[in-house]
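Me: I would like to go through the terms used for this model one by one, and ask what each of them rests on.

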Amino acid sequence: MKAIYKRELRAYFNSMTGWIFVAALTVFIGIYFTANNLINGYTYFSYTLSGTLIVFMALVPVLTMRSLAEERHSKTDQLLLTSPATLTGVVLGKYFAMLTVLAAPVLLACLCPLIIRMNGTAHFKADYASLLVYFLLAAVEIALGMLVSALTESQVIAAVGTFCLLLALYLWDGLVGLLPTSAIGSLAGIFVVLVFVCLLLNALSGSWKLAGGTLVLGTAVILGFYIKKSSTFADLLPKALGSFSLLDAFNSFATDHVFDIPGLLLYLSLIALLVFLTIQVLQKRRWN
Amino acid sequence: MVEVQNLVKRYGNRSAVDHLSFTVEDGQIFGFLGPNGAGKSTTMNIMTGYLAATEGTVLIDGHDVCEEPEAARRCIGYLPEQPPLYPDMTVLEYLQFCAELKQIPKAEQENQIGQAVSMTHLEDQTRRLIRNLSKGFRQRVGLAQAILGFPKVIILDEPTVGLDPRQVVEIRELIHSLAKEHTVILSSHILSEIQAVCDKVLIIRKGKFVTCDTPDALEGKLSANDRLELLAKGTREAAESVLKTVEGITSHTLTDVTPDTVRIKVGTDGDRREALFYAFAQARCPLLELRSRMASLEDVFLDLTDEDDGVAARAAALLTSGEETPAADGEKNVPSEKAADETSLPDPVPAGPTDEQAPDIAPEKEDTVE
């Protein structure tokens, strides 16, 4: 793992990618910091951070696109996967290298609350907690980008795919708001979700019997609940999907200044899940 | 020791490797031979743990590749078909990375890298970016990577592709020197290369095991001294009358007649070379050439891997029956008739050491008896 981590980090800073990521993020944080905190005199740095979140949509794909797609394209994955290193080690080495690149501008941003303090009131607890969650949110996005990169051998597809998924995550609250809130609407929505899960199951297991069985059983359970007590279904789907909103947790840190432990746990578990899925994607390729 | 048992790899309905079993002893140079697409690379990828087999097991030095992947891979150095190089690193950086990846103790790393570099003659290239290296040098960097750490088993997938003839000879010497302490498994679709370096050859065809033996034994099984070809100075009539006086000549065919020479294919029972020599000498028709038309490994290979299933099956049957089945009973009954006919055609290109670089099967070398 250490060897891969070192190589990846060196590769990021030997090429433009690492420098561009660090420079662009620093510049954007700097612009918002200057405008909000220095010129307009707003005392919360967390407000500035929430303004720069949108930049990740462009920068994260740049960082993650080559991570695994390039290895596969140039067949260097044969070296890594036939070495004594474990697959988990390979993926984590790459992931930690990307986190290190991310950490550089975030550490620079840690100076900003100190600068605010020098000029008057500062809110260290709120700001540094926000910086932590800012880092974690970006870490989730990087894990997502790495997963997409593992799925393809084309860097372009990896970048575009990551961009689209991040876009969907940023628009999540708005999209969920469009969903129907009536009980019958939720029922239809949940059925659609079930069908998707079964299709995924079919693709992963290759057994249509398992997928079909799950579909029939799931439909029966949903219908049973619906007939018994249809009122619980009202608003169910938007609520369920809304709880996956990534920005909610960040906003409760950055705008409400609340230390949102469930939100923090959501980020950490998403990171674990995405890294796990990346390992599984690579593992499955051996068996294709 | 490497043991492969009943290996199967299926992609949908197509079998890339089909119930393949073989054993490689310690210290052997073991060659995989087969035409393109025969399943050589797939087998190597499974042996190194890059791909998983649909069925079957691979034991590297007693470690199952699937059950104990880390322990098994520690025993392997692998050069895939396309050397796995990072173009943004220098040769030295790359080898340092590989040494760390292979978990070579820090204290030994420098020494090991130095040895690998000198064995592959890369001393002058260590500071260069891999991006700027030529194909031959890249191949050697890949090779240096594979031998780094001096694992017990070194697996090389077409190690000499893209090298010039001099480099090919160097690589062969390197393989020979490695074989003193390591097991080397290499693949090729170039026959002469396998013949030159390997102790044992495995021929595979469409993913299936065809035969596994030493190159000499394979040749021996299909060769016989009872098919001769001669070139004599003299007229056609004179030559034919001389042949009639020699005992044990079962058949003869004229292949090439010029005003003062004749080329004749002769079928005999037993070794009649001396008798032929004296008979022609007495008749004052000097023999310019006399050679036994051996089935070389080339013929074996061509037949065994023929697209036509029938030809391949007949050749394989001949191999298993071994020497008990004399090959010649008149030209037309020879089972490897197709190959025999090919060898009798005049060689379009003279055989020589440089032909070993030919992209496909190099021309025939026949044993000449003066």
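The exchange below takes up helix packing, the contact between chains, and some overall values.

Reply: One caution comes at the start, namely that this is a predicted model.

Me: What makes α2(A) oblique to α3(A)?

Reply: Helix α2 (residues 16–39) of chain A and helix α3 (residues 45–52) of chain A pack at an angle of about 135°, and their axes are 9 Å apart. Roughly antiparallel would need an angle over 145 degrees, and roughly perpendicular covers 65 to 115. The angle of about 135° fits neither class, and therefore α2(A) is called oblique to α3(A). The crossing of these two helices, α2(A) and α3(A), is right-handed.

Me: Which residues make that contact between α2(A) and α3(A)?

Reply: From α2(A) come F28(A), I29(A), Y32(A), F33(A), N36(A) and N37(A), while α3(A) brings F45(A), Y47(A), T48(A), G51(A) and T52(A). By class, the residues of the contact of α2(A) with α3(A) are six nonpolar and five polar, with no charged.

Me: Why is α2(A) called roughly parallel to α6(A)?

Reply: The axes of α2(A) and helix α6 (residues 87–109) of chain A cross at roughly 25° and come within 9 Å. Because angles under 35 degrees count as roughly parallel, a crossing at roughly 25° places α2(A) in that class relative to α6(A). Here too the handedness is given, and α2(A) passes α6(A) in a right-handed crossing.

Me: What is the make-up of the contact of α2(A) with α6(A), in nonpolar, polar and charged residues?

Reply: The residues divide into nine nonpolar and two polar, with no charged. Among them are F21(A), V22(A) and L25(A) of α2(A), and V101(A), P105(A) and L108(A) of α6(A).

Me: How do you know that chain A touches chain B, and which helix gives the most to that side of chain A?

Reply: Two residues are in contact if their C-beta atoms lie within 7 Å, and 18 residues of chain A are in contact with 21 residues of chain B. On the side of chain A that touches chain B, α1 (2–14), α5 (77–81) and α15 (261–287) each supply at least two residues, and α1(A) gives the most, with five residues. That side of chain A divides into seven nonpolar, seven polar and four charged residues.

Me: What share of chain A counts as buried, and what makes a residue buried?

Reply: A residue is buried if 20 or more other C-beta atoms lie within 10 Å of its own, and 33% of the 288 residues of chain A count as buried. Chain A has 15 helices and zero strands.

Note on methods
Residues are numbered from 1 along each chain as its sequence is written. Chains are lettered from A and ligands numbered from 1 in the order in which they are written. This is a predicted model: local features need pLDDT of at least 70, side-chain atom pairs count only at pLDDT 80 or more; totals for chains, interfaces and linings use all residues. Helices (H or I, at least four residues) and strands (E, at least two) are DSSP runs, numbered from the N terminus. A residue is buried if 20 or more other C-beta atoms lie within 10 Å of its own, exposed if 12 or fewer, and partly exposed in between; C-beta atoms are placed from the backbone. Ala, Val, Leu, Ile, Met, Phe, Trp, Tyr, Cys and Pro count as nonpolar, Asp, Glu, Lys and Arg as charged, and the others, Gly among them, as polar. Axes are lines fitted to C-alpha atoms, for helices over the stretch in contact, and angles run from 0 to 180 degrees between N-to-C directions. A crossing is left-handed if the near helix is turned anticlockwise from the far one by less than a right angle, and right-handed if clockwise.
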